[in-house]
Amino acid sequence: MTVFSIVKGMTDQSHLVAPLLAIESSCDDTACAILAPNGDILAESVLSQMDHAALGGVVPEIAARAHLDALPGIVQITLQKAGLTLHDIGAFAASTGPGLIGGLIVGSSYAKGLAMALKRPFIAVNHIEAHILTARLPSLPTPPAFPYLTLLVSGGHCQCVAVHGVGHYEKLGGTIDDAAGEAFDKVAKMLGLGWPGGPALERLALEGNDKAYALPRPLMGRDGCDFSFSGLKTAVSRLIAPHGQGALPRQIAADIAASFQRAVADVMADRTRHAIQALPNATAIVVAGGVAANTLLRSTLENIAADHDLPFLAPPLRLCTDNATMVGWAALERLNAGERPDDITLAARPRWPLSERAASSHQNNIERASHA
């Protein structure tokens, strides 16, 4: 049984001396992971909610109830995988924002309850920060040193971030309308592929000609690192409209899927080149988020990294989509950087910009120094 879960070092930094249990519930995946203090993954579990497929997308209220039903079981399963009990856990962490507020409240409240019952620390994790820091997991090949460039692409987020250190992030650009994953899902729906659309569209694109349709590349060639996919999505809808309400011929659908996917990859490539110029001392290019699982996007970005003599790092597929391992690692990174655990009353937030996360980190360090 762990008596002291966190001890203070000579530099007043917080060091975990027992495993950390993390929970992720920001959207439709209920996940739990247990990490050793050095970041080794002791166990991880993910339960995906498939009921939303018939509804054409995630229904927040249904997702929140599903998290509530699933959490006790998935926590117990993860503890069993690790050969531990709750009393062996030294700290608890949970995604506390951004995301769907119902799921965030369920997951963070569950983690807080365990922390309070066992008198352990609680760490509130920013979901975006967790994705950004995933590549630094010690178990992954050649974790990047700071500063590195992260391209975060998921269903809800699309941005280029200069990662200068834990809690020190510079947003170089972001989407001004749809995120990349959102555009994939919407185009897949137009093509009759259902939800989730990204993987289905990628499979269909393998059968198509990516030069069949001259689709626009929004913002490509312009200064900065911002993204826009709304115009591209509209262009696809105009291609489909003349075919009426029925199912498209398979080859036409495949050609549209391939052309759309290529347009997204070209835009991503252009924006990434601009981001490299904005961070000339970058040590690596990292891609994170669910859309990072797309093979064409990965290969395109890998070629850009090679052109600039930079390592290209992409987490394994299971760590690209939402997972609790990244949440636990972000919590450990914060503790190892000397930050204190969070107040148990900290509320879940549907919006939590990285700029505010950085500001809170800075304030945390000021307060820690004043108490030294």
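Student: Which strands does helix H2 lie across?
Tutor: In this predicted model, helix H2, residues 101–118, lies across E3, strand E6 (91–97) and E7, and the helix runs at about 160° to E6.

Student: What is the strand order in the open sheet that has E3, E6 and E7 in it?
Tutor: The order is E5-E4-E3-E6-E7, which makes an open sheet of five strands with mixed pairing. Strand E5 (41–48) and strand E7 (122–126) stand at the edges with a single partner strand each, so one side of each has no neighbour in the sheet. From one strand to the next, the twist averages 20°.

Student: And how many bridges join E4 to E5?
Tutor: Seven bridges join strand E4, residues 29–35, to E5, and the two run antiparallel. As one example of the register, Ile 34 has Ala 43 in E5 as its bridge partner.

Student: What about helix H1, which strands does that one lie across?
Tutor: Helix H1, residues 60–82, lies across strand E3 (20–24), E4 and E5, and its direction is at about 150° to E5.

Student: Back to the ends of H2 for a moment. Where is Pro 98 placed?
Tutor: Pro 98 sits in the loop between E6 and H2, and the peptide bond that joins Gly 97 to Pro 98 is cis, with omega at about -15°.

Student: And on the other side, in the loop between H2 and E7, what is phi of Lys 119?
Tutor: Phi of Lys 119 is near 55°, which is a positive value in a residue other than glycine. Lys 119 belongs to the loop between H2 and E7, and with a relative accessible area of 73% this residue is exposed.

Student: Changing topic, what is the order of the open sheet that contains E8?
Tutor: That open sheet also has its strands listed in order, as E10-E9-E8-E11-E12, with five strands and mixed pairing. E10 and strand E12 (312–313) are the edge strands, each with a single partner strand, so one side of each is left without a neighbour in the sheet.

Student: Do E8 and E11 pair in the parallel or antiparallel sense?
Tutor: Strand E8 (residues 148–153) and strand E11 (residues 285–288) pair in the parallel sense, over four bridges, and Leu 151 stands opposite Val 287 in E11. Ahead of E8, in the loop between helix H3 (127–133) and E8, lies Pro 147, which a cis peptide bond with omega of about -5° joins to Phe 146.

Student: What about the hairpin of E9 and E10, how many residues are between the strands?
Tutor: There are two residues between the strands of that hairpin, and Gly 167 takes a positive phi near 80° there. Strand E9 (residues 158–165) and strand E10 (residues 168–174) pair in the antiparallel sense over six bridges, with Gln 159 having Gly 174 in E10 as its bridge partner.

Student: What is phi of Asp 309?
Tutor: Phi of Asp 309 is near 60°, again a positive value in a residue other than glycine. Asp 309 is placed in the loop between helix H8 (295–307) and E12, and is exposed, with a relative accessible area of 73%.

Student: Now helix packing. At what angle do H6 and H7 cross?
Tutor: The axes of helix H6 (residues 230–240) and helix H7 (residues 250–278) cross at roughly 165° and come within 11 Å, which makes H6 roughly antiparallel to H7. The crossing of H6 past H7 is right-handed.

Student: Which residues make that contact?
Tutor: From H6 come Leu 232, Val 236, Leu 239 and Ile 240, and from H7 come Ile 256, Phe 260, Ala 263 and Val 264. By class, this contact of H6 with H7 has eight nonpolar residues, with no polar and no charged ones.

Student: And how do the axes of H4 and H7 cross?
Tutor: The axes of helix H4 (residues 180–190) and H7 come within 11 Å and cross at roughly 170°, which makes H4 roughly antiparallel to H7. Ala 180, Ala 183, Phe 184 and Val 187 of H4 meet Phe 260, Gln 261, Val 264 and Met 268 of H7, a contact with seven nonpolar residues, one polar residue and no charged residues.

Student: Last one: how many helices and strands are there in the protein chain?
Tutor: The protein chain has eleven helices and twelve strands, and 53% of its 372 residues count as buried.

How values were computed. Residues are numbered from 1 along each chain as its sequence is written. This is a predicted model: local features need pLDDT of at least 70, side-chain atom pairs count only at pLDDT 80 or more; totals for chains, interfaces and linings use all residues. Side-chain values use heavy atoms; hydrogens and water are left out. Axes are lines fitted to C-alpha atoms, for helices over the stretch in contact, and angles run from 0 to 180 degrees between N-to-C directions. Angles under 35 degrees count as roughly parallel, over 145 as roughly antiparallel, 65 to 115 as roughly perpendicular and the rest as oblique. A crossing is left-handed if the near helix is turned anticlockwise from the far one by less than a right angle, and right-handed if clockwise. Contact means heavy atoms within 4.5 Å. Ala, Val, Leu, Ile, Met, Phe, Trp, Tyr, Cys and Pro count as nonpolar, Asp, Glu, Lys and Arg as charged, and the others, Gly among them, as polar. Two strands pair if DSSP finds at least two bridges between them. Buried means under 20% relative accessible area, exposed over 50%, partly exposed in between (1.4 Å probe, protein chains only).
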